[in-house]
Amino acid sequence: MKALVFHARAWNFPGKDGSPVIGNAVSYLEDMLPATDPNEAGLAPMSVTAEDAALAEVLKAKLPALFDIEIGRRAGKLGKPASFLTRAKFLQSVPVEALLGASK
C-alpha cells in the first residue's frame, strides 16, 4: 500500500537498570478515507515499529516521502495484535517546505 511517511526515529539508550532500551517508530498517513465523524476531520496519522531493514530504507530518504509499504502483525503485549512495518520501498520525496513556508 502507498503511505506518506513523515517521521521516523530509532533509539538506543541505557535504561534505569543499565539494560539497553532499543526501539523505533515510523509515523505515516495511509491511503484511507478521511474521517466522517462530525467531531473529527482529515486523515489520522498512524505510528508503528519497524523491522531493521524497513527502518533503514525509511531513514535513507528525505522525509516526508511517499513509500510503498507492507505492514505485518504479530502478538504484542498481553497477546493483543500489534502492527509493524516489514517493508518500505521509496517512491518519491514530498517537498512540504514550500507549502509550510519553511526555508533551509
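In the predicted model, Tyr28 stands opposite Met46 in strand β3. This pairing belongs to a wider contact between two strands, since β2 and β3 pair in the antiparallel sense over 3 bridges. Strand β2 covers residues 20–30, and Ser27 has its place there. When neighbours within four places in sequence are left aside, Ser27 is in contact with Leu4, Val5, Phe6 and His7, and also with Met46 and Ser47. The relative accessible area of Ser27 is 15%, and this residue is therefore counted as buried, the limit for that class being under 20%.

The chain as a whole contains 2 helices and 5 strands, and from the N terminus on these elements follow one another in the order β-β-β-α-β-β-α. Taken along the principal axes, the box filled by the C-alpha atoms is roughly 45 × 40 × 25 Å. Of the 104 residues in the chain, 23% are buried, and the accessible surface comes to about 7300 Å², with 58% of that surface belonging to carbon and sulfur atoms. Among contacts between residues at least 6 apart in sequence, 48% join residues that are at least 24 apart.

Strand β1 is paired with two other strands of the chain, β2 and β4. The pairing of β1 with β2 is antiparallel and is made by 11 bridges; these two strands form a hairpin with 5 residues between them, and in the turn Gly18 has a positive phi of about 90°. The pairing of β1 with β4 is likewise antiparallel, and here 4 bridges join the strands. Leu4 illustrates both pairings, for its bridge partner in β2 is Leu29, while in β4 it is Leu66 that stands opposite Leu4. Further along, Ala8 stands opposite Val26 in β2.

His7 also lies in strand β1. With a relative accessibility of 39%, His7 counts as partly exposed, whereas Ser27, at 15%, counts as buried. Apart from neighbours within four places in sequence, the residues in contact with His7 are Ala25, Val26, Ser27 and Leu63. A link across the sequence is seen as well, in that His7 and Pro64 are 57 residues apart along the chain but 6.8 Å apart in space, taken from C-alpha to C-alpha.

The largest nonpolar core is made up of 16 residues, and those with the most contacts inside it are Val26, Val58, Phe67, Ile69 and Leu85. Two or more residues are given to this core by each of β1 (2–14), β2, β3 (46–50), α1 (52–60), β4 and β5. For Val58, the contacts beyond four places in sequence are with Val5, Ala8, Leu63, Phe67, Leu85 and Ala88; two of these partners, Phe67 and Leu85, are themselves among the core residues with the most contacts.

Aromatic rings were also examined, and the structure holds 1 aromatic pair. This pair is formed by Phe67 and Phe90, whose ring centres are 5.8 Å apart and whose planes stand at 75° to each other, an arrangement classed as edge-to-face. Phe67 lies in strand β4 (residues 65–75) and Phe90 in strand β5 (residues 81–93), so the pair ties together parts of the chain that are 23 residues apart in sequence. The two partners are not covered to an equal degree, for Phe67 has a relative accessibility of 0% and counts as buried, while Phe90, at 37%, counts as partly exposed. A further arrangement that involves a ring is found at Phe84, where the charged end of Arg74 sits over the ring, 3.9 Å from its centre.

How values were computed:
Residues numbered from 1 in each chain as written. Predicted model: local features only at pLDDT ≥ 70, side-chain atom pairs only at ≥ 80, totals over all residues. Heavy atoms only, no water. Buried < 20%, exposed > 50% of the residue type's maximum accessible area, 1.4 Å probe, protein only. Contact = heavy atoms within 4.5 Å. Phe/Tyr/Trp six-rings, centres within 6.5 Å; stacked < 30°, edge-to-face > 60°. Lys NZ or Arg CZ within 6 Å of the ring centre and 35° of its normal. Core = buried A, V, L, I, M, F, W, Y, C linked by side-chain atoms within 4.5 Å. Areas by Shrake-Rupley, 256 points an atom, 1.4 Å probe, with all protein chains shown as cover. Pairing = 2+ DSSP bridges.
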